[in-house]
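Me: I'd like to take a close look at one part of this protein, following it piece by piece. Could you walk me through it in one connected answer?

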Amino acid sequence: MGVNATDSLQSEQLSEVTIYTDGGCRGNPGPGGWGVWLCWGDHEKSLKGGEHNTTNNRMELMAAIQALRALKRPCKVELWTDSEYVRKGITEWIHGWIKRGWKTAAKAPVKNADLWQSLLEETQRHEVEWHWVKGHSGVAGNEKADSLANEAIDELR
């Protein structure tokens, strides 16, 4: 009795990854940084980057994009962010933006559409569950991501 492709895909176990992301700026706009802390099994990885003239929202988006981009194969992802802008944008607002040709309900161009499109593209390979975490509340993963984002800003100087 043979196994068809659908059966083998359904039985394939996706790696489970927990990701914490954060982004920030000193001035808005101003120098900004993003940080990512990925955990899977007993492994962890940190990522960070920055830009000289950017906004807080762009750095929050870059953190999520870079986190998903770093995954080498499709994964089941629990992504934690302290940005309601990112979480609601990707889970709620983006559907309307796409229907309206990347315009808001008020018919204005969507801010950061380039990054929203990149984030949407990165989510296509993975099963992502988006979660919000209160920033600066002692959650270890969020604190680590925040620290990495700040290190990235410091390194711009």
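What share of the 157 residues of the protein count as buried? And in what order do the strands of the open sheet stand?

Reply: Happy to. This is a predicted model: local features need pLDDT of at least 70, side-chain atom pairs count only at pLDDT 80 or more, and totals for chains, interfaces and linings use all residues. Residues are numbered from 1 along each chain as its sequence is written, and side-chain values use heavy atoms, with hydrogens and water left out.

To start with your number, 43% of the protein's 157 residues count as buried. Buried here stands for a relative accessible area under 20%, exposed for over 50%, and partly exposed for anything in between, computed with a 1.4 Å probe on protein chains only. The C-alpha trace spans about 65 × 45 × 25 Å along its principal axes.

There are 5 helices and 5 strands in the protein, following one another along the sequence as α-β-β-β-α-β-α-α-β-α. These elements are DSSP runs numbered from the N terminus: helices are H or I with at least four residues, strands E with at least two.

Now to the sheet. Its 5 strands form an open sheet ordered β3-β2-β1-β4-β5, and the pairing is mixed. The edges belong to β3 (43-54) and β5; each has a single partner strand, so one side of each lacks a neighbour in the sheet. From one strand to the next, the twist averages 20°. Angles like this run from 0 to 180 degrees between N-to-C directions of axes, which are lines fitted to C-alpha atoms (for helices, over the stretch in contact). Two strands count as paired if DSSP finds at least two bridges between them.

Let's cross the sheet from the β3 edge. β2 and β3 run antiparallel and are joined by 10 bridges, with Gly35 standing opposite Lys48 in β3. The two strands form a hairpin with 2 residues between them, where Gly41 takes a positive phi near 55°.

β2 (30-40) has 9 buried residues out of 11, so the strand is largely enclosed by the rest of the structure. Trp40 also sits in β2, but Trp40 is partly exposed, at a relative accessible area of 33%. Setting aside neighbours within four places in sequence, Trp40 is in contact with Glu16, Val17 and Lys45, where contact means heavy atoms within 4.5 Å.

Moving on, 8 bridges tie β2 to β1, and these strands run antiparallel. Cys25 stands opposite Gly32 in β2. This hairpin has 4 residues between its strands, and in the turn Gly27 has a positive phi of about 95°. Cys25 and Gly32 are also among the residues touched by Thr54, as are Asn28, Pro29, Gly30 and Met59, not counting residues up to four places away in sequence. Thr54 belongs to β3 and is buried, with a relative accessible area of 3%.

The next neighbour is β4. β1 (residues 15-25) and β4 run parallel, with 7 bridges between them. Ile19 stands opposite Leu79 of β4, and Thr21 stands opposite Thr81 of β4.

Strand β4 (residues 75-81) is worth a pause, as its side chains alternate. Cys75, Val77, Leu79 and Thr81 point to one face and are buried, whereas Lys76, Glu78 and Trp80 point to the other and are not.

Beyond β4 lies the other edge strand. β4 and β5 (residues 127-132) also run parallel, joined by 6 bridges, and Trp80 has His131 of β5 as its bridge partner.

Finally, the helices beside the sheet. Helix α2 (residues 56-69) lies across β1, β2, β3, β4 and β5, at about 160° to β1. In helix α4 (residues 113-123), the buried residues are Ala113, Leu115, Trp116, Leu119, Glu122 and Thr123. They pack against α2, α3 (84-99) and β5. For a wider view of the chain, 67% of the contacts between residues at least 6 apart in sequence join residues at least 24 apart.
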